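Good morning, everyone. Please have the sequence and the model open as I talk. I'll go feature by feature.

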Amino acid sequence: MKISVIGCGYLGAVHASAMAELGHEVVGIDVDDAKIAALSEGRTPFFEPGLPEVLTSALASGRLRFTTDIAEAAGAEVHFVAVGTPQKKGSHAADLSYVDAAVEALLPHLTADDLVVGKSTVPVGTAARLAALIEGSGSGAALAWNPEFLREGFAVQDTISPDRLVYGVPAGAVGERAVAQLNAVYAAATAAETPLVVTDYATAELVKVAANAFLATKISFINAMAEIAEVSGADVTQLADAIGYDARIGRRFLNAGVGFGGGCLPKDIRAFTARAEELGRGESVAFLKEVDAINLRRRQRVVDLTVTALDRPIFNAKVAVLGLSFKPHSDDVRDSPALDVAVQLRGLGADVVATDPQAIENSRSRHPQLSYSTEIEETLRGAAAVVLVTEWPEFKTIDPVWAATLVETPTIIDGRNTLNAAEWRAAGWTYYGLGRP
């Protein structure tokens, strides 16, 4: 099947490469000349495990190409819109200007029976508005909404072998045709009996934001319990283990720490709240404001804990920060708790030296005032305190005995509760966790 993918950022580049790897003929389109040049040469503009191999393979097969010319979308049967929906400046609402621009640019190149498929995360009601726009163009094309559920670090796997598929389609024959076209796109997944939900536009839009809101709530819930644990002497990790055995609750996403970040959860719960208020139902998701507040408080808690843990004033004290990306196996520093902590500590006068396996350059471009090192040893040497804020395997497996020989003061703040506290204390470290004695 011939497919176009409009927008070749994180979502679009992964989707275009994976679709070509599955055997489709794909053209990826973006307005960014540098991005298109890099992808055309087989270079990924961001770090994502497995993507370089899939991109290279797809390009070599001849089934994948990239361009800045939207007219190249003509002839494709299915057009995926995968552009960003960042948070509006000065507002919690989503900025839909990129989505609108992509669809409007596509309109002159649509023909009868084409299917435009939204993958971007949008406020509920967006699909119906865009469907009316496409219908008004007289092209005969239709719209479907097919939300993505990618996990950074596992995006290629999640695209090729998704855990579920959701199609938001119109009623009647047009919707039936859309389902058939999407089933052809995802033939491998449907053959593997991947769970499929066929629904209306509004439900498909809500599925994505509701899922992110639930995950954010679960993370903030256990972080709220960590706040109680810190003043009561309880151990939030054991608490999470105990309640996680309840099948109704589950253990995943019950890891207390510095909180969530990235380009999805924070902006999506804020945009969800803003849209609910526009619909006159702000009270229904008012709790998400507290979810957001709890999340931001945990970053401040790590900063405060670091200041308290130091045996000297923070001004000019070297603080080693382990981690910059918002999660391991990613170079994404958008709304990263780790980078936020590093910046706050630097703002208090600390001599911050930070390291990360993938996110140094992205961090440097945003915050050149920080000092960076590619070496863990250099980062640790002479530190008055160490702060672990991204749970990369390289950091989780640091030998505490070896590390103690490098630092000025063996004090560590485990912002992800990922280290073995007993081992670090046995090696002479003063260990601080979040919600752990």
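Let's begin with a definition. Two rings of Phe, Tyr or Trp count as a pair if their centres lie within 6.5 Å. Planes under 30 degrees apart make the pair stacked, planes over 60 make it edge-to-face, and the rest are tilted. Keep in mind that this is a predicted model.

How many aromatic pairs does the structure hold? There are three. I'll show you two of these pairs.

Take Tyr10 and Phe46. Their ring centres are 5.1 Å apart, and the planes meet at 50°. That makes the pair tilted. Now look at where the two residues sit. Tyr10 is in helix α1, residues 10-21. Phe46 is in the loop between α2 (33-40) and α3 (51-61). The two are 36 residues apart in sequence, so the pair ties those parts together. Are these residues buried or exposed? Tyr10 is buried, at 19% relative accessible area. Phe46 is buried too, at 13%.

On to Tyr167 and Tyr186. The ring centres here are 6.4 Å apart, and the planes are at 20°, so this pair is stacked. Tyr167 belongs to strand β7, residues 165-168. Tyr186 lies in the loop between α7 (172-185) and α8 (187-191). The pair links parts of the chain 19 residues apart. Tyr167 is buried, with a relative accessible area of 0%. Tyr186 is buried as well, at 5%.

Rings also have charges over them here. Arg151 lies over the face of Phe154, 4.6 Å from the ring centre. Arg164 does so over Phe149, at 3.7 Å from the ring centre.

Stay with helix α1 for a moment. Ser17 is placed there. It is buried, at 1% relative accessibility. Which residues does Ser17 touch, beyond those up to four places away in sequence? The answer is Leu51, Val54, Leu55, Ala58 and Leu64.

Next, helix α7. Gln181 is found in it. Gln181 is buried, with a relative accessible area of 7%. Its side chain reaches the backbone oxygen of Asp113 at 2.9 Å. Leaving out residues up to four places away, Gln181 touches Met1, Glu77, Val78, Asp113, Asp114 and Leu115.

Now the cysteines. A disulfide is a covalent bond between the sulfur atoms of two cysteines. How many disulfides are counted in this model? The count is zero. Cys8 is in no disulfide, and the nearest cysteine sulfur, that of Cys264, is 17 Å away. Why is Cys264 unpaired? The cut-off for a disulfide is 2.5 Å. The sulfur of Cys264 is 17 Å from the closest cysteine sulfur, in Cys8, so the gap is too far for a bond. The surroundings can be stated as well. Cys8 is buried, at 0% relative accessible area. Cys264 is partly exposed, at 27%.

Let's move along the chain to helix α12, residues 287-309. This helix has 23 residues. From its first C-alpha to its last, α12 reaches 33 Å, close to the 33 Å expected at 1.5 Å a residue. Which residues of α12 are buried? Among them are Leu288, Val291, Ile294, Val302, Val303 and Leu305. The buried set also includes Asp292, Asn295, Arg298 and Arg299.

Just a word on backbone angles. Asn316 has a positive phi of about 70°, although it is not a glycine. Asn316 lies in the loop between α12 and β9, residues 318-322. Glu193 also has a positive phi, about 60°, and it is not a glycine either. Glu193 lies in the loop between α8 and β8, residues 196-199. Is Glu193 buried or exposed? Glu193 counts as exposed, at 71% relative accessibility.

Last stop: helix α13, residues 337-347. Ala342 is found there. Ala342 is buried, with a relative accessible area of 0%. What is it in contact with, leaving aside neighbours within four places in sequence? Ala342 is in contact with Val321, Val352 and Leu370. For a sense of distance, set Ala342 beside Ala271. The two are 71 residues apart in sequence. In space they are 26 Å apart, C-alpha to C-alpha.

To recap: three aromatic pairs, and zero disulfides. Thank you.

Methods: Residues are numbered from 1 along each chain as its sequence is written. This is a predicted model: local features need pLDDT of at least 70, side-chain atom pairs count only at pLDDT 80 or more; totals for chains, interfaces and linings use all residues. Side-chain values use heavy atoms; hydrogens and water are left out. Helices (H or I, at least four residues) and strands (E, at least two) are DSSP runs, numbered from the N terminus. The expected span of a helix is 1.5 Å times one less than its number of residues. Buried means under 20% relative accessible area, exposed over 50%, partly exposed in between (1.4 Å probe, protein chains only). Contact means heavy atoms within 4.5 Å. Rings of Phe, Tyr and Trp (its six-membered ring) pair if their centres lie within 6.5 Å; planes under 30 degrees apart count as stacked, over 60 as edge-to-face and the rest as tilted. A charge sits over a ring if NZ of Lys or CZ of Arg is within 6 Å of the ring centre and within 35 degrees of the ring normal. A polar contact is a pair of N or O atoms within 3.5 Å; within protein, one must be able to donate a hydrogen and the other to accept it, and residues adjacent in sequence count only if both atoms are side-chain atoms.
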